[in-house]
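Got your viewer open? Let's take a walk through this structure, one selection at a time.

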Amino acid sequence: MTPNSVDLAPADAQLPRPWNPMNLLMVLALWLSTLGNLPLWGAMWNLTETHGLRALLGLMGFALIVLSATIVLLCLLVWPSWRKPLGVLLILVAAGNSYFMHTYGVVIDPTMMVNTVQTDVHEVRDLLSWSMVWVLALGAALPGWWWWRQPVQKMPARRLAGRQLGLAALAFLLLWVVVWATFQDLASTMRNQKSLRYMLNPFNTIYASARLVEGQTAQARMPLQPIGQDAVMARSAGAGQLPPLIVLVVGETVRAANFGLGGYARDTTPQLRQLQNKGELAYFANVSSCGTNTQVSVPCMFSHLGREAHSKNDTPYENLLDVLQRAGMQVLWLDNQSGCKGVCDRVPNADTRELKDPTLCTDGECFDEIMLRVLPERLAQLDNARSGGKTSGTVVVLHQMGNHGPAYYKRTPTEMKIYQPECTSKVLQDCPAQNIVNAYDNAVHYTDHLLAKTVTWLKTQQRPTAMLYVSDHGESLGEKGLYLHGMPYMMAPKEQSHVPMVFWLSKPLQSRLQWDAQCWKKMAAEPISHDHLFHSVLTLAQVKTKWQQPELDIFAGCAARSPQANHFRQSTTATVPTATPRHTAAS
Ligand SMILES: [Zn+2]
């Protein structure tokens, strides 16, 4: 805007003419719906098969819809007292979202919002890059600064409200007309390309934040619901028998496609293969995760609900660890990642990420072996804390850093890096595809090492032992232009939900359980999911409760061979209380 020198006094000649508030809102709406939504427009353009006149008209129609919807939103939200800060915030949100959508192919949905809110300094550090600084400088700082500096005409409150609401009504009318005119094309595009709705800035963020707040307030209103109140040990250790030790390893971001045991062209799991060749270890080839990110998957894995019910559930329930503890087992959660997402809140737990081990830790992060290093000491502490009473066994959860991205190269000690060269940029697109895969595979290779080392250690223990490993979700490594994970489940590619699972059972525990060798073999090929974890671990730990569902127990075929377990199974299936939430498998 050039100042009009005729209208203004000479003293004011240097000042820009104040904006009419409506015009300023329109400028912001124009910015947000065009440059603030570049990834959306790119995706729309790539969707159209023929880039002819019809496609162009369709795109323009959609642009008008986005523009008018944005005007309606701004007219309703932006009022003088918070006009400047809210405008800057919206510009920043649009630029930040656009950067992540463009760089990693992610979309902004409610679970991505939970991720963002629960992130920590380690994760943020892994994402920082120069290209991000540039995008935020040009896409947020510059326009934000401009927005902040603009003088705005003062207007009586009632007149302003009348005009702003009037403009909103006009924009809504335009929106309605264009939607009506383009409904045919629009509806089919939106139906086929569900991810587009999560790409629309800033509506995606507003919707996801509202869902997050709604979910959290619903949870906060409800007291924690106990589950498995009837849990007891199906059998306690007899005189002279030592209680079992079961290690559950919660893997991070490992997809089945790159797991050697799953038939991947590279043998990324040579040590586990040796155990498998000796008949000591089983690989479950067909396992689906509960979610496509840690925030969803980890609580869901330990929940009795299963994926379907868990995704709709707002009630805070206890989980598997509470049930095991209630039955008389000792439980310990060691975390080398971003926390247990509430799962370990009521059991002994320790964070190993910031320990100062000179061989395993650098820059405030530790390799996953740190958990094995501290485990004996932590177990001894548990034993000391127990006041003389006998334990029925111990369940330890090791929550790995695993293949947490995008900085895969940081997950492996130098001597374990067998695939070269590695991508060492946080902006994965900057690397050749093979280098990303190399860094990722090295981290899988390190998980192989960790799991084999866990088995070796368990073999030295003077008690019956077992290890069950399953990854929390998979990862996209550039397939279909997607990186990382966190796509909404219904549209997520298989790379993000097909995960590896490994089971190792010691001879002493096998004979204690009276299981035939490989009695779980049939299940190793069946399609199963995280839904099975709750119910299967109960059997492995010999805890009985009416909350267990035999149809979700991968060891059901084993337990049937033991007369004692068989008796327990018959009695529970006959008397499951109607109040117990029961759901079918969603594998
Ligand atoms: Zn995860």
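Which helix is the place of Glu 495? Select residues 494-497 and you'll have helix 16, where Glu 495 sits. Keep in mind as you click around that you're looking at a predicted model.

Stay on that residue for a moment. Is Glu 495 buried or exposed? Glu 495 counts as buried because 22 C-beta neighbours lie inside 10 Å, and the cut-off for being buried is 20 or more. Now show its contacts, skipping the neighbours within four places in sequence: you should pick up Arg 255, Ala 257, Gly 474, Glu 475, Ser 476 and Glu 479. Next, try a distance between C-alpha atoms, from Glu 495 to Thr 292. The two are 203 residues apart along the chain, yet their C-alpha atoms are separated by 9.7 Å.

**Next stop: helix 2**

Select residues 38-47 to bring up helix 2, and colour Pro 39, Leu 40 and Met 44, which are buried. Look down the helix axis: the buried residues fall within an arc of 135°, so they line one face of helix 2. What do they pack against? Add residues 53-77, which make up helix 3, and also helix 4: the buried residues of helix 2 pack against both of these helices. Then turn to the other side of helix 2, where Trp 45 and Asn 46 are exposed.

**Along helix 4**

Since helix 4 is already on screen, follow it from end to end. Residues 83-104 give it 22 residues, and from first C-alpha to last it reaches 32 Å, close to the 32 Å expected at 1.5 Å a residue. Which residue follows helix 4? Click on Gly 105, whose phi is positive, near 70°.

**Last stop: strand 8**

Select residues 394-399. This is strand 8, and 6 of its 6 residues are buried, so the strand is largely enclosed by the rest of the structure. Turn on the side chains here. In a regular strand, side chains alternate between the two faces of the sheet. In strand 8, Thr 394, Val 396 and Leu 398 point one way, while Val 395, Val 397 and His 399 point the other way.

Which strands pair with strand 8? Add residues 245-251 to see strand 2, which pairs with strand 8 in the parallel sense over 6 bridges. In this pairing, look for Leu 245 opposite Thr 394. Then add residues 330-335, which form strand 4; this strand also runs parallel to strand 8, joined by 6 bridges. Finish by finding Asp 335, which stands opposite His 399.

How values were computed: Residues numbered from 1 in each chain as written. Predicted model: local features only at pLDDT ≥ 70, side-chain atom pairs only at ≥ 80, totals over all residues. Helix = DSSP H or I, 4+ residues; strand = E, 2+ residues; numbered from the N terminus. Buried ≥ 20, exposed ≤ 12 C-beta atoms within 10 Å, placed from the backbone. Contact = placed C-beta atoms within 7 Å. Expected span 1.5 Å × (residues − 1). Arc of directions from axis to C-beta. Pairing = 2+ DSSP bridges.
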